[in-house]
Amino acid sequence: MNLFSKKWISFSIIFIILTTGIFFGFYFYLSRDLPPLEMIYFYKPAKVTYVYDREGKVVYEFFTEKREPVPLDSISPLIQKAFITLEDKRFYKHFGIDILRLIKAIFVNIKEGKYTQGASTITQQLARNMFLTFEKTLERKIKEIILALIIERTFTKDEILERYLNQIYFGEGIYGIKTACKHFFGKSPKNVTWAEAALLAAIPKNANIYSPFKNPELAKKRRDFVLKVLYENKVIDKKTYEEAL
């Protein structure tokens with residue numbers, strides 16, 4: 001082995017050690033403010049408290065977030081497929097971070113010269129909704145990634161999806177899929193149509209803008225976009241797509 005090769009190997013080893021040290025240092029520095037594993041595991045979102053009269057009729061509701069959590073098997077597969085297809089197509093394949101989507105988003109944002117495309121997975125969105133703010137900073141994004149990795153190690157994919165669907169904000173003080181179905185359609189989340197599932201998936205992007213009560217035309221346009229995504233990804237066939245439109 002010549003001198004150049006020995007120097008190159010030494011340089012490579014030093015570089016790897018320094019890079020690893022910086023990574024773990026940054027990781028532990030940001031992790032200091034994150035919730036402990038116990039808090040993540042036992043986290044319970046706020047929900048409605050009901051007051052009943054002697055005949056069992058609801059006479060008052062107390063809540064900071066109007067939410068009624070439900071198990072995943074009480075949520076229609078149509079809703080599950082609509083959210084996964086729109087928000088995170090590889091949800092059941094990745095480990096909390098979708099590397100392919102992340103790389104694509106970076107190139108698109110560099111090309112556009114501004115932040116135009118996100119790459120947050122459902123797990124990352126859950127981490128943000130539970131414990132973080134919505135500020136667009138690098139530090140918050142890294143914390144979101146760290147939390148997503150912890151959540152993936154703590155829960156199964158179905159448990160993550162269940163928590164995600166019970167956590168989402170739909171505007172007008174409405175949180176979670178059951179309360180949203182009752183509020184918008186007057187039905188349970190087990191009995192929605194494809195059109196309704198698409199609308200539910202459409203609203204959280206901007207709950208105030210895409211509210212079907214406040215802006216019905218914009219809500220319909222966004223819902224039609226979701227249906228198109230479902231059709232193009234072969235989740236629904238042409239007949240179902242046209243009927244839903």
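Helix axes are taken as lines fitted to C-alpha atoms over the stretch in contact, and the angles between them run from 0 to 180 degrees between N-to-C directions. Two packed helices are described by the angle between their axes and the distance between the axes. In the structure considered here, which is a predicted model, the axes of helix α9 (residues 194–202) and helix α10 (residues 216–232) come within 8 Å and cross at roughly 110°. Because angles of 65 to 115 degrees count as roughly perpendicular, α9 is described as roughly perpendicular to α10. On the α9 side the contact is made by W194, A195, A198, L199, A201 and A202, and on the α10 side by A219, R222, R223, V226, L227 and L230.

The protein chain that holds this helix pair has 11 helices and two strands, and along the sequence these elements follow the pattern α-α-β-β-α-α-α-α-α-α-α-α-α. Of the 245 residues in the protein chain, 38% are buried. Among contacts between residues at least 6 apart in sequence, 56% join residues at least 24 apart. The chain exposes about 15100 Å², and carbon and sulfur atoms supply 60% of that area.

Burial is pronounced in helix α5 (residues 122–131), where eight of the 10 residues are buried, so that the helix is largely enclosed by the rest of the structure. The buried residues of α5 are I122, T123, Q124, Q125, L126, A127, R128 and M130, a set that packs against α3 (77–87), α6 (138–154) and α7 (157–167).

A buried position is also found beyond the end of α10, in the loop between α10 and α11 (238–244), where I236 is located. With a relative accessibility of 5%, I236 counts as buried. When residues up to four places away in sequence are not counted, I236 touches W194, L227, L230, Y231 and Y241; of these, W194, L227 and L230 also take part in the contact between α9 and α10. The C-alpha atoms of I236 and K81 are separated by 9.9 Å, although the two residues are 155 residues apart along the chain. The loop between α10 and α11 also holds K234, for which phi is near 60°, a positive value in a residue other than glycine. In contrast to the buried I236, K234 counts as exposed, at 74% relative accessibility. A positive phi, near 55°, is likewise found in E172, again a residue other than glycine. E172 is placed in the loop between α7 and α8 and counts as partly exposed, with 33% relative accessibility.

The count of salt bridges in the model comes to 10. One of them joins the side chains of K178 and E68, with an N to O distance of 3.7 Å. This pair links distant parts of the chain, since K178 lies in helix α8 (residues 177–185) and E68 in the loop between β2 (58–62) and α3, 110 residues apart. K178 is partly exposed, its relative accessible area being 27%, whereas E68 is buried, with a relative accessible area of 16%. In a further salt bridge, between R90 and D98, the closest N and O atoms are 3.1 Å apart. Here R90 counts as partly exposed at 32% relative accessibility, while D98, at 5%, counts as buried.

A salt bridge is also formed within helix α10, where the side chains of D224 and K220 meet at 3.1 Å, N to O. Because D224 and K220 are four residues apart in helix α10, they are separated by about one helical turn. An α-helix has 3.6 residues a turn, so residues three or four places apart point the same way. K220 is partly exposed, with a relative accessible area of 40%. Salt bridges that share partners, moreover, join E68, K178 and K182 into one network.

On the surface of the model, F95, I99, I103 and F107 form a nonpolar patch, which together presents about 420 Å² of accessible area. Within this patch, F107 lies in helix α4 (residues 99–112) and counts as exposed, with a relative accessibility of 59%.

Terms used:
Residues numbered from 1 in each chain as written. Predicted model: local features only at pLDDT ≥ 70, side-chain atom pairs only at ≥ 80, totals over all residues. Heavy atoms only, no water. Patch = residues over 30% accessible without salt bridge, like charges linked within 9 Å, V, L, I, M, F, W, Y side chains within 5 Å. Areas by Shrake-Rupley, 256 points an atom, 1.4 Å probe, with all protein chains shown as cover. Salt bridge = Lys/Arg side-chain N within 4 Å of Asp/Glu carboxyl O. Buried < 20%, exposed > 50% of the residue type's maximum accessible area, 1.4 Å probe, protein only. Parallel < 35°, antiparallel > 145°, perpendicular 65-115°, else oblique. Contact = heavy atoms within 4.5 Å.
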